[in-house]
Amino acid sequence: MTSTTVPEICKDLDGDDRWLSIHKRFVAECKEKDPDVMFIGDCVLESLQFTDYWNQQFVPMHCLNFSICTDRTQNILWRLQNGELDNVQPKAVVLHAGTNNIEDTADAVTDGILELVRTIRQKLPDAYIVLPTLLPRGQQPNRLRDKNEQVNRMLRERCVGLCKVQIVSVDGGLIQTDGTISHHDMFDYLNLTNVGCKKVFEPIWDLLHQILTENEKERDLTPSE
């Protein structure tokens, strides 16, 4: 067992208890709302909800976004084990985690993501789990970008055969021919612009649309009592 797989409250470095306040708000939303799709993760998914692409494409899908920018896998694990998946039955969960585990090895990060997958499956046995690949980061090639790619490779190998778990490659078009990332796609070379969001999340939207449409068809075919 590594630190990436052990649930951990995020340290309150600023002294204002913001992280715990956000978590409590998410738990309250679980009791008030009935989402079809839940986004759970870190800065990449948190910043997504402040884009036009989110409002145009994902809001109509009845989504909740439970993402906190600084979270590592262990912080997300703590949140999921403390109420953020209670009282909801989404048809799909989109999970992006691990890019903030900068001090951990690729093996440990992969273990942490798989522990999150196991937790989601345990709490939501019928939900599809959608894993966008970890995005590249940094304007120039760097060790963290290499590590994220390693994690993506290992995840693909270790998710083979898992029921209703799908990895979606989303990094196409972000790295330019000279190995750099443009600020037009990732404004701080970590989080996405509107233009970058469309490139990255279009395949996620397509898959979610397919999952939700199939769900509707199945419901229509179920004989009424």
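Which residues lie nearest the centre of the largest pocket? Select Cys10, Lys11, Leu13, Trp19 and Thr70 and you have them. Keep in mind as you click around that this is a predicted model.

**Stop 1: the whole chain**

Before zooming in, show everything as a cartoon. You should find 7 helices and 5 strands. Trace them from the N terminus and the order reads α-β-α-α-β-α-β-α-β-α-β-α. The radius of gyration is 17 Å, close to the 17 Å that the globule rule gives for 225 residues, so the protein is as compact as a globular protein of that length.

If you like to draw a bounding box, align it with the principal axes: the C-alpha atoms fill roughly 60 × 40 × 35 Å. Switch on a surface next. The accessible area comes to about 11200 Å², and carbon and sulfur atoms own 50% of it. Colour by burial and 51% of the 225 residues count as buried. For a contact map, take pairs at least 6 apart in sequence: 79% of those contacts join residues at least 24 apart.

**Stop 2: the largest pocket**

Now go back to the five residues from the opening. They belong to a lining of 18 residues, wrapped around a space of about 450 Å³. Which element gives the most to this lining? Select residues 18-32, which make up helix H1; 4 of the lining residues come from there. Colour the lining by class and you get 8 nonpolar, 2 polar and 8 charged residues.

**Stop 3: Ile22, on helix H1**

While H1 is still selected, pick out Ile22, which sits in that helix. Is Ile22 buried or partly exposed? Its relative accessibility is 22%, so Ile22 counts as partly exposed, given that buried means under 20%. Now add Ile68 and put a distance label between the two C-alpha atoms: it should read 8.1 Å, though the residues are 46 apart along the chain.

**Stop 4: Thr5, before H1**

Step back towards the N terminus and select Thr5, in the segment before H1. This residue has a relative accessible area of 12%, so Thr5 is buried. What does Thr5 touch, leaving aside residues up to four places away in sequence? Show Leu77, Asp111, Gly112 and Glu115 as sticks; these are its contacts.

**Stop 5: the second largest pocket**

Next comes a pocket with a volume of about 160 Å³, the second largest. There are 11 residues lining this pocket, and Lys91, Asp126, Ala127, Lys164 and Asn215 are the closest to its centre. Select 194-221 to light up helix H7, which supplies the largest share of the lining, 4 residues. By class, this lining splits into 4 nonpolar, 2 polar and 5 charged residues.

**Stop 6: the cavity**

Last stop, and you'll want a clipping plane. How many cavities of 30 Å³ or more are there? The count is 1, and the space in it is about 50 Å³. To see its walls, select Leu95, His96, Ala97, Ile113, Leu131, Pro132, Leu134 and Leu155. Strand S3 (92-96) and strand S4 (128-132) each supply at least two of these lining residues. Colour the cavity lining by class as you did for the pockets: 7 residues are nonpolar, 1 is polar and none is charged. Flip back to the largest pocket, where 8 of the lining residues are charged, and you can view the two linings in turn.

How values were computed: Residues numbered from 1 in each chain as written. Predicted model: local features only at pLDDT ≥ 70, side-chain atom pairs only at ≥ 80, totals over all residues. Heavy atoms only, no water. 1 Å grid on protein atoms, 1.4 Å probe; cavity = no way out; pocket = protein on both sides within 12 Å on 5 of 7 lines; lining within 4 Å. Points joined across faces, edges and corners; volume = space filled by probe spheres on them. Helix = DSSP H or I, 4+ residues; strand = E, 2+ residues; numbered from the N terminus. Nonpolar A, V, L, I, M, F, W, Y, C, P; charged D, E, K, R; others polar. Buried < 20%, exposed > 50% of the residue type's maximum accessible area, 1.4 Å probe, protein only. Rg over C-alpha atoms; globule rule 2.2 N^0.38 Å. Contact = heavy atoms within 4.5 Å. Areas by Shrake-Rupley, 256 points an atom, 1.4 Å probe, with all protein chains shown as cover.
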